[in-house]
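Please open the model in a viewer and keep the sequence panel visible. The stops below proceed from the whole chain to one helix and then to the sheet beneath it.

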Amino acid sequence: MRYSVLAVGLAVFIAGCATAGDYRLRAGDELRVVIWKKLDEKAVIRPDKKISLPLAGEVSCQNKTPEDLSNELSQKYEAPTTVMVEKYHTFKDDFKEIIGFVRDIAIVYFISERVADYRRK
């Protein structure tokens with residue numbers, strides 16, 4: 001038990017030590033896309049790992065770093081493009097989503113048990 005807690009703690013620490021160049025874009029990240037002299041847009045990566053931008057349409061962010069996405073958009077827009085991550089979607093956010101999901105299941109279970117109890121009477 002003690003070793004599993006240590007292993008999880010070490011994994012979280014290592015994940016937190018990744019440099020900006022190693023960061024892979026994730027669903028929920030808020031991006032600022034600046035196309036020189038053309039466009040300054042904000043976009044949130046959807047759960048399907050895509051963003052929508054004017055003139056470029058749907059752009060996949062799956063398994064890409066901000067630099068990879070900047071290079072891809074520079075080619076599409078034919079202008080220097082910079083992608084900045086304004087807000088990271090963190091593991092804490094994932095944990096909150098899981099807790100919310102479990103809570104919702106528990107509420108549905110509780111209500112269905114109450115309804116079943118009521119019908120038995």
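Begin with the whole protein: of its contacts with a separation of 6 or more, 44% join residues 24 or more positions apart, a contact being heavy atoms within 4.5 Å. The model is predicted, so local features need pLDDT of at least 70 and side-chain atom pairs count only at pLDDT 80 or more, whereas totals for chains, interfaces and linings use all residues. Residues are numbered from 1 along each chain as its sequence is written, and side-chain values use heavy atoms, with hydrogens and water left out.

Colour the chain by secondary structure. There are 3 helices and 5 strands, in the order α-β-β-β-β-α-β-α from the N terminus. Helices (H or I, at least four residues) and strands (E, at least two) are DSSP runs, numbered from the N terminus.

Display the surface next. About 9,300 Å² is exposed, and carbon and sulfur atoms supply 61% of that area; the areas come from the Shrake-Rupley method with a 1.4 Å probe. Of the 121 residues, 22% count as buried. Buried means under 20% relative accessible area and exposed over 50%, with partly exposed in between (1.4 Å probe, protein chains only).

Select residues 66–77, which form helix 2. Which residues of helix 2 are buried? They are Pro66, Leu69, Ser70, Leu73 and Tyr77. These residues lie on the same side of helix 2, because they cover an arc of only 105° around the axis, taken from the directions from the helix axis to the C-beta atoms. An α-helix has 3.6 residues a turn, so residues three or four places apart point the same way. Now turn to the face directed away from the buried side, where the exposed residues Glu67 and Gln75 are found. Just after helix 2, select Glu78, whose phi is positive, near 55°.

Return to the buried residues of helix 2 and add their packing partners: strand 1 (30–35), strand 2 (39–44), strand 3 (50–53), strand 4 (57–60) and strand 5 (81–87).

Finally, isolate the open sheet, in which 3 strands are arranged in the order 2-1-5 with antiparallel pairing. Strand 2 and strand 5 are the edge strands, each pairing on one side only. Two strands pair if DSSP finds at least two bridges between them. Strand 1 and strand 5 have 6 bridges in the antiparallel sense. To inspect one of the pairs, select Leu31 and its bridge partner in strand 5, Val85.

Key
The expected span of a helix is 1.5 Å times one less than its number of residues.
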